[in-house]
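Here is a short tour for a first look. Keep the model open as you read.

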Amino acid sequence: MLREINDRAAIEVLLKDGPLTRSELEVAIGLSKPATAQLLTRLEQDDIVTKAGVRGGGRGPRAQLWQVNGGVAYVAAVDLTPQTADFVVSDVTGAVLAEYQVPLPVHEGADVVGTFGAALTHVANSAGLAATDLRHVVIGAQGAFDPRTGLLSSAPHIPGWLGFDVPSRLSRELGVEVTIENDVNLVAIVEMTVGQAVGLDDFVMIWLSDGVGGAVVVGRRLLRGATGGGGEIDWMRVPDPVSVATAKKKTREGDRFGDLVASPAVVELAAAHGIEAETGADAVAKARESGDEAFLDDLARRVAGGAASLIAVVDPELVLLSGDTSRAGGDEFAALVAKRLHELVLPRTPVGVASVQGNAVRAGALQSALATVRRDVFGVNTPSLLGPRRSGAGEPNPIVAIPDSRTEPPSPAPTN
């Protein structure tokens with residue numbers, strides 16, 4: 001048991017900071033020089049770690065480097081949208097082996113399982129693998145996933161994926177364990193792992209783009225809800241503060257939040273301020289360039305109205321804005337939202353902008369897939385999705401908390 005504890009501690013450090021020399025690993029896990037050497041020998045014999053060249057050169061001493069053997073397991077992650085499916089395959093260390101973007105049919109009646117399987121096989125083959133070599137696949141989708149039934153909801157934009165147990169059917173027909181998760185939840189996962197929410201216990205995320213979504217994290221646990229609807233703030237009812245402030249239209253009680261801050265609504269609001277734009281992100285970018293703070297402030301009022309409802313319930317450490325509209329606004333827009341938010345609620349909750357670049361949904365799906373496989377293969381607890389989720393096997397996975405990066409890895413037991 002003591003050896004297993006030490007091995008897990010070493011593997012976790014090598015996954016996080018490797019490749020490392022023996023002396024660096026010795027310091028990181030707190031073992032003696034002989035014990036660390038024995039550990040590395042044992043893990044190398046089990047094909048869990050491999051030599052990774054040397055550090056140093058020239059006339060000085062050179063030290064052997066060690067790393068986790070990436071070939072122990074492989075995973076795939078997918079960002080599924082109505083326009084395209086964005087695939088990535090990596091080994092267990094997170095090293096990317098292949099990427100593939102392809103439009104997949106999502107209309108009702110389409111063979112979504114067959115076309116998805118063909119695309120998965122293609123990207124796996126590009127990585128020198130068969131699809132069945134993958135230990136786990138995580139799909140990020142724009143909708144709510146019910147862990148009790150395996151059904152997607154709130155996803156009219158991908159009707160072909162509705163009405164059947166998605167993970168069970170994919171797992172059964174593709175021969176690979178598959179899970180599916182809300183896209184904004186996955187963005188929250190990657191922000192907790194490498195972004196603005198590292199080290200935070202409680203935060204909420206608001207996604208502003210063509211659609212609107214959210215994620216709520218409390219105690220480093222993602223609140224997914226009994227039916228997977230946690231964070232579906234698109235349908236949340238809030239008053240429109242712009243109609244009150246400008247008297248441009250009749251005040252209505254309880255507007256749908258998505259109707260106020262989704263891209264079409266932002267474009268409409270921008271037009272009222274004399275800004276012509278095709279998307280919400282474009283409108284916000286043009287307003288920043290022209291210095292039109294009146295439009296940005298009106299939009300900030302709307303966003304703050306929705307955020308206030310979340311803060312009243314959760315009282316988080318941070319409100320994190322994400323999505324292309326938020327990115328276009330940057331820190332300037334976040335500051336306006338914070339200003340209006342602090343007029344509505346007592347807590348002085350800061351507002352920030354998500355920092356992970358590129359496809360954050362796919363990145364979050366990859367983090368989730370890696371966490372599941374590392375837990376299953378190595379027994380290490382790395383960041384993962386939280387709460388029970390239904391896998392292809394049809395059984396809820398255990399609840400796993402996001403480790404707090406502010407703390408050190410579990411101290412290994414001394415072994416001499």
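## The cavity

V187, W207, S322, G323, R327, A354, V356 and A360 line the largest cavity. This is a predicted model. The lining is made up of five nonpolar residues, two polar and one charged. The volume of this cavity is about 30 Å³. How many cavities of 30 Å³ or more does the structure hold? It holds one.

## Helix α1

Helix α1 covers residues 2-17. Its 16 residues should span 22 Å, because each residue counts for 1.5 Å and the expected span uses one less than the number of residues. The C-alpha atoms at its ends lie 23 Å apart, which agrees.

Which residues of α1 are buried? They are N6, D7, A9, A10, I11, E12, V13, L14 and L15. These buried residues pack against two stretches of strand and helix early in the chain, β1 (20-21) and α2 (22-29). They also pack against α3 (33-45), β2 (49-55), β3 (63-68) and α13 (360-378).

## The nonpolar cores

Nonpolar side chains tend to be buried together in soluble globular proteins. Here, the largest nonpolar core has 52 residues. I11, L25, I29, L39, F203, M205 and F378 touch the most other members. Helix α13 gives the most to this core, with eight residues. Another core lies apart from it, with 44 residues. Among them are I206, V266, A270 and L299.

Now take L39. Leaving out residues up to four places away in sequence, L39 touches N6, D7, A10, L25, I29 and L31. Of these, N6, D7 and A10 are among the buried residues of α1.

Technical notes
Residues are numbered from 1 along each chain as its sequence is written. This is a predicted model: local features need pLDDT of at least 70, side-chain atom pairs count only at pLDDT 80 or more; totals for chains, interfaces and linings use all residues. Side-chain values use heavy atoms; hydrogens and water are left out. On a 1 Å grid over the protein atoms alone, a cavity is a set of points where a 1.4 Å probe fits but cannot get out, and a pocket is an open set with protein on both sides within 12 Å along at least five of seven lines; lining residues have an atom within 4 Å of a point. Grid points are joined across faces, edges and corners, and a volume is the space filled by probe spheres set on the points. Ala, Val, Leu, Ile, Met, Phe, Trp, Tyr, Cys and Pro count as nonpolar, Asp, Glu, Lys and Arg as charged, and the others, Gly among them, as polar. Helices (H or I, at least four residues) and strands (E, at least two) are DSSP runs, numbered from the N terminus. Buried means under 20% relative accessible area, exposed over 50%, partly exposed in between (1.4 Å probe, protein chains only). Contact means heavy atoms within 4.5 Å. A nonpolar core is a set of buried Ala, Val, Leu, Ile, Met, Phe, Trp, Tyr and Cys residues joined through side-chain atoms within 4.5 Å.
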